Amino acid sequence: MTFQDICREIAATVDSHGKMVYDEREARAVARVLVEDVLGLNIADLYGGVTMESPNADFLRALDLVRQGVPVQYAVGKALFADRYFKVNKGVLIPRPETEELCQWVAEDCKTASTMLDIGTGSGCIAITLALETNAKVTAWDIADEALDVAKENAGAHGADVVVERNDILTADDDGRRWDVIVSNPPYICEKEKADMEANVLDHEPRLALFVPDDDPLLFYRAIARYAAFALKEGGRLFLEVNPIYNNEMTRMLREEGFCRVEVRKDLYGRERMMKTWKE
C-alpha cells in the first residue's frame, strides 16, 4: 500500500446521503494526517514512494473509520490546535482554525489579565491555549460529562493550570467571582442551517455543542452577555466566536445588555466571525 493508494481509498468515501466526502486535495490532506499521526512517517516518506507492506492495526482501524465518513480527527483521537495536539472524541467538537484566531486575539489583547473564564470549553482547547500563552488563571465551564473529562485530560497532558468546572451558563448565578476576561465559542448553528452542512459533521459531532433553536439563535449569547454584565470586572472584556449571519442582532443584543462598544473581526476566510466588547 502506497500513499497514493491511501488517497484513492479516502477519495472514494461517501457520506450517509451517498455524497462524496472528500475531493482530491482533501483526500490527500486526510491521508497525510493518518500516515503522519498513526504511522509516524514524514512528508519525505509520503512523497518518496514509500510502500507500507503491513500497516499496523491502529492505522487500519483509523483508515476504516475515515472510509465510513468519520472525521479524521476522531479516527486518530486527536486534533492539532495552536500548534498543540488535543485529545478529541465524539463527545467534543473538533477544534477549528478560526477558533485559533479567537485565542490569538485574546492572548494578544489581554496580556495583563489575571483571571479568564472559558464558557462551553469542550476539549478545553481555548482554556488550555490561553493558560499556556498568558499569565492568567483560567477556569473552564461545560455541562457535558464527556467534555469535562476530555478537558481535564488535555489540561493534564499539556501541564496547563486550568480549573475545569461543571456549570451551565443558562442557569449561572452570581457566586461572587469576577473575571478580567470571558471568552466563549458557544453553540450557534440554527436547525435550519443543517441543509448546508456536511453530513460527516452532522453524523458525528455532538449536537449539544452545535445547535440552537431556529426561534432563538442568540440563546447562549444572551445568557453569556447577562452573566458577563455583572461578572466582568470594570474594564473587563468579553470575546465571542459568532455566527456571521446574526452579527447585527448580536451587536444590538450586546448593547441592550449594557455593552456600548463592539469590535468585530474577520476570520481567515473573510467572515465576520469574532466579537469583542467591554464592560465600562
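In which sense do strand 9 and strand 11 pair, and over how many bridges? I shall begin there, and then move outward through the sheet to the helices that cover it. Please keep in mind that what you see is a predicted model.

Strand 9 and strand 11, the latter spanning residues 272-278, pair in the antiparallel sense, and five bridges join them. Within this pairing, Leu 240 is opposite Met 275 of strand 11. On strand 6, the partner of Leu 240 in strand 9 is Ser 184. Strand 6 and strand 9 run parallel and are joined by five bridges. Strand 3 also runs parallel to strand 6, here with four bridges, and Ile 119 has Ser 184 as its bridge partner in strand 6. As for exposure, six of the six residues of strand 6 are buried.

These strands belong to an open sheet of seven, with mixed pairing and the order 5-4-3-6-9-11-10. At its edges are strand 5 (162-166) and strand 10 (262-266), each of which pairs on one side only. On average, and with direction ignored, neighbouring strands of the sheet are turned by 20° against each other. Helix 7, residues 125-133, packs on the sheet and touches strand 3, strand 4, strand 5 and strand 6. The direction of helix 7 makes about 180° with that of strand 4.

I now turn to helix 10. This helix covers residues 219-231, and its 13 residues reach 18 Å from first C-alpha to last, close to the 18 Å expected. Helix 10 lies across strand 3, strand 4, strand 6 and strand 9, and runs at about 160° to strand 9. Its buried residues include Phe 220, Tyr 221, Ile 224 and Tyr 227. Among the elements that cover the buried residues of helix 10 are strand 8 (211-212) and helix 11 (247-256).

Which residues have the most contacts inside the largest nonpolar core? They are Ile 169, Ile 182, Tyr 221, Tyr 227, Leu 238, Met 250 and Leu 254, in a core of 32 residues. Two or more residues each come from several elements, including strand 3, strand 6, strand 9 and helix 11. Helix 10 gives the most to this core, namely eight residues. Apart from this core lies another, of 30 residues, with Cys 110, Val 138, Ala 140 and Leu 148 among them.

Finally, consider Leu 254. Beyond its neighbours within four places in sequence, Leu 254 is in contact with Ala 225, Leu 238, Phe 259, Val 262, Met 275 and Thr 277. Met 275 is the residue of strand 11 that stands opposite Leu 240, which returns us to the opening pair of strands.

How values were computed: Residues are numbered from 1 along each chain as its sequence is written. This is a predicted model: local features need pLDDT of at least 70, side-chain atom pairs count only at pLDDT 80 or more; totals for chains, interfaces and linings use all residues. Side-chain values use heavy atoms; hydrogens and water are left out. The expected span of a helix is 1.5 Å times one less than its number of residues. Buried means under 20% relative accessible area, exposed over 50%, partly exposed in between (1.4 Å probe, protein chains only). Contact means heavy atoms within 4.5 Å. Two strands pair if DSSP finds at least two bridges between them. A nonpolar core is a set of buried Ala, Val, Leu, Ile, Met, Phe, Trp, Tyr and Cys residues joined through side-chain atoms within 4.5 Å. Axes are lines fitted to C-alpha atoms, for helices over the stretch in contact, and angles run from 0 to 180 degrees between N-to-C directions.
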